Amino acid sequence: MSEEIILYNGPTSPFGRKCKIAALLLDINHKEEKINIYKSQFLDEFNPLRQVPTLLINKTMISDSDNICLYFDSISKKNTLYPKQRYWDCMTMISVANGIMENAVSRFIEISAIPENEQRPKAISRYEKKILRSIEWIEKKFDNFISDELTMDQISVACALDYTSFRFTKDWSLSNPKLNKWLEKITENEFMQSTLPGESFKYE
Ligand SMILES: N[C@@H](CCC(=O)N[C@@H](CS)C(=O)NCC(=O)O)C(=O)O
């Protein structure tokens, strides 16, 4: 029986974008469904966290963007996106990129979905510091992780930087020129252009 692979995604999720890009680069035959996560009760049966991205292979569920990307990599006939020679550096870079996304998502929820008088300036400042500190950390490691070969850490960093510009600030680009130049170049690719964030659903 042939497998039906459905990627439940959101219109702006950087985690979902990472998975969609991996699927495109690894030539994974799949269906993408952009859902309003806040109104998608049907997903609870499969993923109790009700998050995007969620992958369904027939009725089997894979949660978390990293597991989904690793799964795509494991079934693809294309070259792996996880370079063997620097596997743990790559995985660590992915975790830092994920951290940027997590802090940017939490910050955005705090400033956009919580009444102004209930917002926590200290929490917002912590999110912002972690994002900017991580970007600087990646800039310092730039020469180690950028190569001609496209890898999962590069895809993750590209999604994290673009999400930072989209939801928080583009100011990071002034103090991190290598990353800025690289992001501009990688953004020209079809896999980045076709996965640009759309219109978000209201947090509820
Ligand atoms: N660790 C997860 C994080 C996924 C995540 O935070 N998704 C957000 C959208 S960007 C979400 O679904 N939020 C809805 C909710 O948690 O209620 C991953 O890597 O996939």
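**Note on the predicted model: Ser-65 and its surroundings**

1. Ser-65 belongs to helix α2. The model is a predicted one, and the points below start from this residue and move outward. Ser-65 counts as buried because 27 C-beta neighbours lie inside 10 Å, where 20 or more are needed. Leaving aside residues up to four places away in sequence, Ser-65 touches Phe-15, Lys-18, Cys-19 and Pro-53. Val-52 is 13 residues from Ser-65 in sequence, and the two C-alpha atoms are 8.4 Å apart in space.

2. Which residues lie closest to the ligand? Ser-65 is one of them, together with Ser-13, Phe-15, Gln-51 and Val-52. The full shell around the ligand holds 13 residues. By class, this shell contains five nonpolar, five polar and three charged residues. Helices α2 and α3, the latter spanning 87–113, each supply at least two residues of the shell. Two residues already named thus recur here: Phe-15 touches Ser-65 and is also among the residues closest to the ligand.

3. Val-52 leads on to an unusual piece of backbone. In general, most peptide bonds are trans and most residues other than glycine have a negative phi. The bond from Val-52 to Pro-53, however, is cis, with omega near 0 degrees. Pro-53 is placed in the loop between β2 and β3. Pro-53 is also one of the residues that touch Ser-65, while Val-52 is among those closest to the ligand. A reader inspecting the ligand shell may wish to view this peptide bond alongside it.

4. On the other side of Ser-65 in the sequence, Asp-64 lies in the loop between β4 and α2. The phi of Asp-64 is near 80 degrees, a positive value in a residue other than glycine. Is Asp-64 buried, exposed or partly exposed? With 17 C-beta neighbours inside 10 Å, Asp-64 counts as partly exposed, whereas Ser-65 counts as buried.

5. The strands of domain 1 deserve a separate description. Four strands make up an open sheet with mixed pairing, in the order β2-β1-β3-β4. The edges are taken by β2 (31–34) and β4 (60–63); each has a single partner strand, so one side of each lacks a neighbour in the sheet. From one strand to the next, the twist averages 20 degrees.

6. How do the pairs within the sheet run? Strand β1, residues 5–9, is parallel to β2 and joined to it by four bridges; Asn-9 stands opposite Lys-34 of β2. Between β1 and β3 the direction is antiparallel, again with four bridges, and Leu-7 stands opposite Leu-55 of β3. Strands β3 and β4 also pair in the antiparallel sense, over four bridges. Leu-55 has Ile-62 as its bridge partner in β4, and Thr-54 has Ser-63. Leu-55 is therefore a link across the sheet, given that it faces Leu-7 and is bridged to Ile-62.

7. The hairpin of β3 and β4 has two residues between the strands, and Asn-58 there takes a positive phi near 50 degrees. Asn-58 is not a glycine, so its value joins that of Asp-64 as a point to check. With 11 other C-beta atoms within 10 Å, Asn-58 is exposed.

8. Two helices lie across the sheet. Helix α1, residues 14–25, lies across β1 and β2 and runs at about 150 degrees to β1. Helix α2, residues 65–75, lies across β3 (54–57) and β4, at about 120 degrees to β4.

9. The chain is assigned two domains: domain 1 covers 5–75 and domain 2 covers 84–193. Their centres, taken over C-alpha atoms, are separated by 21 Å. Each domain gives 10 residues to the contact. On the side of domain 1, the elements that give two or more residues are α1 and α2. Helix α1 provides the largest share, eight residues. By class, this side of domain 1 has seven nonpolar and three charged residues, and no polar ones.

Note on methods:
Residues are numbered from 1 along each chain as its sequence is written. This is a predicted model: local features need pLDDT of at least 70, side-chain atom pairs count only at pLDDT 80 or more; totals for chains, interfaces and linings use all residues. Two strands pair if DSSP finds at least two bridges between them. Axes are lines fitted to C-alpha atoms, for helices over the stretch in contact, and angles run from 0 to 180 degrees between N-to-C directions. Two residues are in contact if their C-beta atoms, placed from the backbone, lie within 7 Å. Domain bounds come from an automatic or database domain assignment. Ala, Val, Leu, Ile, Met, Phe, Trp, Tyr, Cys and Pro count as nonpolar, Asp, Glu, Lys and Arg as charged, and the others, Gly among them, as polar. A residue is buried if 20 or more other C-beta atoms lie within 10 Å of its own, exposed if 12 or fewer, and partly exposed in between; C-beta atoms are placed from the backbone. A residue is near a molecule or strand if its C-beta atom, placed from the backbone, lies within 6 Å of it.
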